Amino acid sequence: MTLAVRYTAARTLDTAPALSAPPGPGEVQLAPAYVGICGTDLHIFHGDMDARVHTPAVLGHEMSGRVVRVGPGVEGWQPGDAVTVMPLRWDGTCPACLKGHQHICQNLDFIGIDSPGAMQQRWTVPASTLIRLPDSLPLDRAALVEPTAVAVHDVGRAEVAEGEKVVVVGGGPVGILIALVARAAGAEVRVVELSAHRRLLAEELGLTSWDPADVDVPEAVGQWTSGAGADVAFEVSGAAGGVDTAVEVLGVRGRLCLVAIHPRPREINLHRFFWRELTLIGARLYDRSDFETAVALVADGTIAAERLISKVVPLTQAPAAFEALEGGGNVMKILVDCTTNDNAQGVAV
């Protein structure tokens, strides 16, 4: 019998024994090591996704771990292999899949939302979802590969090019990762973030940040770009004000990449889109190449994953960690250690 963190109702999580299914044909059983808590997990915790999530639901999709058992017909994997999981299962027959966009399959099973996730001590998944990790990469850092893959996909969707000026609105974990990936692509980057804690981290990572409470961001961008405006803006805040800022900072034919999930429709300055011939780009999830690039960026230190980890807690303390994340500003990434039930480690929240 193993333990799992389960969502049972709005703002209610428990840690309970769970049966671990042996791997069937084409499947592998994993021992998750570390699982990150992300914004989507918080949406589930708040009850915002009850129409989609079937309780009791095991959460978690940002993970690292090792193969424990291999099912019939699985080749290329063996017990002990270090892996992460691209948590997408598509049908291959819907219009999106037939056009080659399997990652946004119209009947997508997002593992960890639509089906059981990684926040448990044994987890059985399709072998097709595995992404190999280098042995030299510590597994706690590897848990940030999935959100890094999100950032890689976002930067790719926005077609960020060397020398371009990029504004990232929202300096949470994904916003910082987008800024780092864009910088690695050769762009000049500015991060807009209200939280002093997150701005300090951005500065420590070599990024320039602005506090929109103290700085007129469009004016600052105008000075930075000699009046041209930014080439690309990423909206990662999820706030109405963030949308306004992202639109206002863009120059002629600038691209706005929408990353944040906005729970309700937002007003947007369409005249600005007309006047400057702007482009709005949606960016959702990732594909295998994004994951492979993310592994390389985390492994070579381009992404300083260890700097984004605020706290590591044992599986039994995961419910309290969700509550700690609700404060937002002073926390970046909390990892759940699925290998132990001992006391928490890392930086105190």
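Helix axes at angles under 35 degrees count as roughly parallel, over 145 as roughly antiparallel, 65 to 115 as roughly perpendicular and the rest as oblique. In this predicted model, the axes of helix α4 (residues 145-157) and helix α5 (residues 173-184) cross at roughly 55 degrees. The two helices are therefore oblique to each other. Their axes come within 8 Å. The crossing is right-handed. On the α4 side, the contact is made by Pro147, Thr148, Val150, Ala151, Val152, Asp154 and Val155. Helix α5 contributes Val174, Leu177, Ile178, Val181 and Ala182.

Pro147 of α4 also touches Glu62. Glu62 is located in strand β5, which spans residues 62-70. Its relative accessibility is 3%. Glu62 therefore counts as buried, the cut-off being under 20%. The side chain of Glu62 makes a polar contact of 2.8 Å with the side chain of Lys333. Beyond four places away in sequence, the residues touched by Glu62 include the run Tyr34, Val35, Gly36, Ile37 and Cys38. Ala143 and Glu146 are also among them.

A separate description applies to the sheet containing β1. Three strands form an open sheet in the order β2-β1-β4. The pairing is antiparallel. Strands β2 (12-18) and β4 (57-58) lie at the edges, each pairing on one side only. Strand β1 covers residues 2-9 and is joined to β4 by 2 bridges. Within this antiparallel pair, Arg6 has Val58 of β4 as its bridge partner.

Methods
Residues are numbered from 1 along each chain as its sequence is written. This is a predicted model: local features need pLDDT of at least 70, side-chain atom pairs count only at pLDDT 80 or more; totals for chains, interfaces and linings use all residues. Side-chain values use heavy atoms; hydrogens and water are left out. Helices (H or I, at least four residues) and strands (E, at least two) are DSSP runs, numbered from the N terminus. Buried means under 20% relative accessible area, exposed over 50%, partly exposed in between (1.4 Å probe, protein chains only). A polar contact is a pair of N or O atoms within 3.5 Å; within protein, one must be able to donate a hydrogen and the other to accept it, and residues adjacent in sequence count only if both atoms are side-chain atoms. Contact means heavy atoms within 4.5 Å. Two strands pair if DSSP finds at least two bridges between them. Axes are lines fitted to C-alpha atoms, for helices over the stretch in contact, and angles run from 0 to 180 degrees between N-to-C directions. A crossing is left-handed if the near helix is turned anticlockwise from the far one by less than a right angle, and right-handed if clockwise.
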